2 protein chains.
Amino acid sequence: MALIVQKYGGTSVGNPERILNVARRVIATQQEGNQVVVVVSAMSGVTDSLIKLAREVSAHPAEREMDVLLATGEQTTIALTAMAINGLGSKAISLTGAQAGIITDQVHTKAKIAHLTPGQVLSHLEQGNIVIVAGFQGESSDGRITTLGRGGSDLTAIAIAAAIKADVCQIYTDVDGVYTCDPRIVPCAQKLEEISYDEMLEMASSGSKVMQSRSVEFAKKFGVLFEVRSSFNHNPGTIVKEETMNMENVVVRGISVERNQAKVTVANVPDRPGTAAKIFTTLAGTGIIIDMIVQNVSNAGSTDISFTLSKDELPKAQAALAHVVTEIGAQSVSATDGIAKLSVVGIGMRSHSGVAAKLFEALSKGGINIQMISTSEIKTAVILEETRINEAAQLAHTAFGLDAKPA
Amino acid sequence: MALIVQKYGGTSVGNPERILNVARRVIATQQEGNQVVVVVSAMSGVTDSLIKLAREVSAHPAEREMDVLLATGEQTTIALTAMAINGLGSKAISLTGAQAGIITDQVHTKAKIAHLTPGQVLSHLEQGNIVIVAGFQGESSDGRITTLGRGGSDLTAIAIAAAIKADVCQIYTDVDGVYTCDPRIVPCAQKLEEISYDEMLEMASSGSKVMQSRSVEFAKKFGVLFEVRSSFNHNPGTIVKEETMNMENVVVRGISVERNQAKVTVANVPDRPGTAAKIFTTLAGTGIIIDMIVQNVSNAGSTDISFTLSKDELPKAQAALAHVVTEIGAQSVSATDGIAKLSVVGIGMRSHSGVAAKLFEALSKGGINIQMISTSEIKTAVILEETRINEAAQLAHTAFGLDAKPA
């Protein structure tokens with residue numbers, strides 16, 4: 001008998017029929033002899049409708065009240081899911097985030113979990129119930145309703161799995177698992193059987209939007225083994241866990257692609273302490289998220305600093321930098337969009353030289369120009385022209401031997 | 001400075017525009033120097049949609065989960081109302097039923113309020129907030145979400161008014177107040193300035209569906225003065241309170257009408273102890289609500305027993321009685337629908353004879369036949385043919401001097 005946490009996202013519970021499908025799947029899991037805790041998101045579309053309603057009564061809705069409002073989305077799903085399971089003849093009990101003991105800080109709309117007291121979850125499990133918990137929400141220590149921000153339901157599932165020491169946490173979504181590359185880009189991409197937390201983190205932060213990084217980080221911190229799988233079929237998914245020795249035999253785990261990037265270059269920055277800090281402190285103050293930062297050795301007392309960011313944030317970044325450039329005595333700011341990032345990820349590359357070389361060679365053979373390069377211990381990322389990114393992904397996928405063998 | 005509880009029903013908060021209207025009205029009340037607690041219902045239509053969703057996942061949804069589901073309706077409204085007030089520049093805080101300290105028994109979907117600990121309501125008021133409380137919902141002592149059943153939001157408002165010793169509880173609805181008769185039936189009906197709890201109760205149980213009886217009973221028990229008024233204009237409404245000496249000067253307060261009634265007569269019931277009990281115990285066992293019961297003196301050892309009930313429940317009643325009739329040795333059961341009830345209500349009639357006489361005379365002049373008569377201390381009710389009920393109401397209204405004087 002295992003203790004299993006299952007999390008179903010908004011698409012998986014998007015209408016009554018799908019909720020009934022989830023109910024059947026959950027009951028089957030219990031009937032195989034397991035104890036089951038189910039974490040559910042709001043039905044797809046519900047959160048957006050609620051946000052629209054809020055904007056109709058106030059241009060800048062109070063965040064405290066936004067949380068009270070949004071929390072109704074998951075509360076609706078837990079009730080419906082429990083009803084569906086009851087209706088199919090099994091015992092189920094729903095719990096809101098607060099009832100499930102999820103205590104957060106007081107930062108509305110993006111609260112962090114402070115601690116979790118799963119007493120009610122455990123006692124309902126012991127009484128033979130399937131326990132249905134509202135994802136995405138919690139309660140501050142002074143009794144206010146809070147929400148956990150983007151990816152919050154995944155986080156709820158991982159945190160509960162950690163607190164009740166579950167054997168596995170299954171994250172059900174609308175994809176089959178984690179792939180060596182997005183199959184819409186590289187048709188012969190393969191589903192990975194397993195991946196380490198660190199690789200998953202690099203994939204997540206490089207555009208493979210299966211899960212938000214914070215949930216993976218939480219799972220890594222508390223050693224929660226989880227599986228990403230589809231709620232629309234019964235295929236095994238991808239196991240995400242601590243790296244093991246044999247994982248290192250695989251040099252490259254996968255390739256991820258991020259579009260809609262922009263590149264900004266501040267030219268001829270005087271090469272003295274504090275100039276880079278000035279640039280990035282200014283940007284951080286505006287809340288813009290910067291991805292790659294590249295600075296080469298200086299030449300005649302000055303250097304060029306380049307960074308990438310989401311294309312949408314480019315105007316904001318240009319406005320913020322206008323003053324700074326004169327202040328630090330740099331020459332100019334130039335910006336380009338129409339670029340994309342390709343990342344090659346794998347913990348095995350730590351101990352293998354030649355990954356970067358193989359990537360550059362593959363791209364060069366395809367006649368694809370590399371605009372920027374950035375590497376970490378387990379990732380090599382390059383910036384390319386966006387129009388050629390699919391081609392580049394396919395070339396790299398083949399070069400690293402990731403293509404599926406024809407059936 | 002007064003402490004005021006305002007309750008807004010589903011129609012009054014039916015869309016964002018109306019919620020903004022409510023917000024303006026609430027802010028105006030505060031700016032006149034009052035402390036304000038606002039109780040809101042679910043937006044009109046929301047509860048029905050939720051019930052529909054529940055039926056799509058389960059034919060007989062578990063009542064515990066139904067309460068979790070339905071409670072989201074009012075939670076949505078409190079958040080939106082607080083946002084709207086914040087957006088207009090005033091301080092507001094929303095509280096769910098549980099957060100407002102409404103503790104109920106454990107009877108899901110029709111819980112009774114056990115006690116109320118309004119600590120949070122009072123402390124937020126003291127900090128200068130308008131406090132928005134979700135109507136219709138509470139929490140059982142073991143932490144489950146409960147709902148109060150029909151008319152539950154009115155009950156929440158009255159109960160909070162009692163607990164915080166409010167000066168007045170204003171029940172905002174889509175009618176202007178309590179009228180001497182339904183203005184759609186009697187165009188010259190007048191709005192009452194005031195009415196006693198007992199009269200309000202008799203009006204409520206006789207078809208004037210402004211409020212459910214249980215809220216009026218609760219207000220009477222705890223001496224909560226309340227006002228029924230419209231959220232769509234600024235007219236004063238009707239004050240409902242303890243009777244005062246001068247109230248008795250008004251012999252008849254109003255006339256109420258209830259359609260869709262049916263009458264059942266059990267003929268030749270042997271006149272011995274226990275036969276009536278047998279009939280009504282059987283009916284009570286099926287959950288059918290019986291209204292008037294009439295039994296006349298017996299004649300040659302047997303009597304006829306008649307009662308009225310809602311037309312919809314007639315088939316159920318006939319089925320339930322089929323066996324009983326033979327068992328008690330009665331002759332037969334006959335049933336008629338197409339009847340209606342007219343009630344004349346007023347605490348003044350206690351000390352005035354002649355109310356019944358005046359009613360019967362008015363109806364007789366109009367050639368309207370009376371099928372059944374039943375009287376209480378402050379009510380005289382008659383059963384008539386349904387097709388003539390409007391005419392009868394107008395005749396009685398005129399006879400008791402209730403018609404508004406032409407402007």
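Where does K165(B) lie in chain B? K165(B) sits in the loop that connects α5 (152-163) to β9 (168-173) of chain B, and we'll come back to this residue further down.

First, some ground rules. This is a predicted model, in which local features need pLDDT of at least 70, side-chain atom pairs count only at pLDDT 80 or more, and totals for chains, interfaces and linings use all residues. Residues are numbered from 1 along each chain as its sequence is written, while chains are lettered from A and ligands numbered from 1 in the order in which they are written. As for the element names, helices (H or I, at least four residues) and strands (E, at least two) are DSSP runs, numbered from the N terminus.

## Two copies side by side

Let's look at how the two chains fit together. Two copies of a chain are related by a rotation about an axis and a shift along it. Here, turning by 179 degrees with 0.0 Å of shift along the axis superposes chain A on chain B, with an RMSD of 0.1 Å; the fit is by least squares on the C-alpha atoms of residues with pLDDT of at least 70 in both copies. That is the relation of a two-fold axis. In chain A, the C-alpha nearest the axis belongs to T72(A), 2.6 Å from it. Both copies use the same surface, as 100% of the contact residues of chain A recur in chain B.

The contact itself takes 28 residues from chain A and 28 residues from chain B, where two residues are in contact if their C-beta atoms, placed from the backbone, lie within 7 Å. On chain A's side, the elements giving two or more residues are α1 (16-31), α2 (46-57) and α3 (63-87) of chain A. The most comes from α3(A), with 14 residues. Sorted by class, that side has 17 nonpolar, nine polar and two charged residues. In this sorting, Ala, Val, Leu, Ile, Met, Phe, Trp, Tyr, Cys and Pro count as nonpolar, Asp, Glu, Lys and Arg as charged, and the others, Gly among them, as polar.

## Inside chain A

Chain A is split into domain 1 (3-174) and domain 2 (255-399), with bounds that come from an automatic or database domain assignment. Taken over C-alpha atoms, the centres of these domains are 38 Å apart.

Chain A has an open sheet of eight strands with mixed pairing, in the order β3-β6-β2-β1-β9-β11-β12-β10. Two strands pair if DSSP finds at least two bridges between them. At the edges stand β3 (92-95) and β10 (194-196) of chain A, each with a single partner strand, so one side of each has no neighbour in the sheet. From one strand to the next, the twist averages 20 degrees. Helix α5 (residues 152-163) of chain A packs on the sheet, touching β1 (3-8), β2 (35-40), β6 (130-134), β9 and β11 of chain A, and its direction makes about 175 degrees with that of β1(A). Axes here are lines fitted to C-alpha atoms, for helices over the stretch in contact, and angles run from 0 to 180 degrees between N-to-C directions.

Now for helix α11 (residues 389-399) of chain A. Its buried residues include I389(A), L395(A) and H397(A). A residue is buried if 20 or more other C-beta atoms lie within 10 Å of its own, exposed if 12 or fewer, and partly exposed in between, with C-beta atoms placed from the backbone. The buried residues of α11(A) pack against β13 (254-270), β16 (332-345), α10 (355-365) and β18 (379-385) of chain A. Just after α11(A), G401(A) takes a positive phi of about 70 degrees.

## Strand pairs

Here are three pairs, from both chains.

| Strands | Direction | Bridges |
|---|---|---|
| β9(A) and β11(A) | parallel | five |
| β13(B) and β16(B) | antiparallel | 11 |
| β16(B) and β18(B) | antiparallel | seven |

Some bridge partners make this concrete: T173(A) pairs with S230(A) in β11(A), and K341(B) pairs with I383(B) in β18(B).

## A covered helix and two odd loops

Helix α6 (residues 197-204) of chain B is mostly covered, with eight of its eight residues buried. They pack against β10 (194-196), α7 (213-222), β12 (238-241), β13, β16 and β18 of chain B.

Back to K165(B): this residue has a positive phi of about 55 degrees although it is not a glycine. K165(B) counts as exposed, with 10 C-beta neighbours inside 10 Å. T109(B) isn't a glycine either, yet has a positive phi of about 70 degrees. T109(B) is found in the loop between β4 (102-104) and β5 (113-116) of chain B and is partly exposed, with 16 other C-beta atoms within 10 Å.
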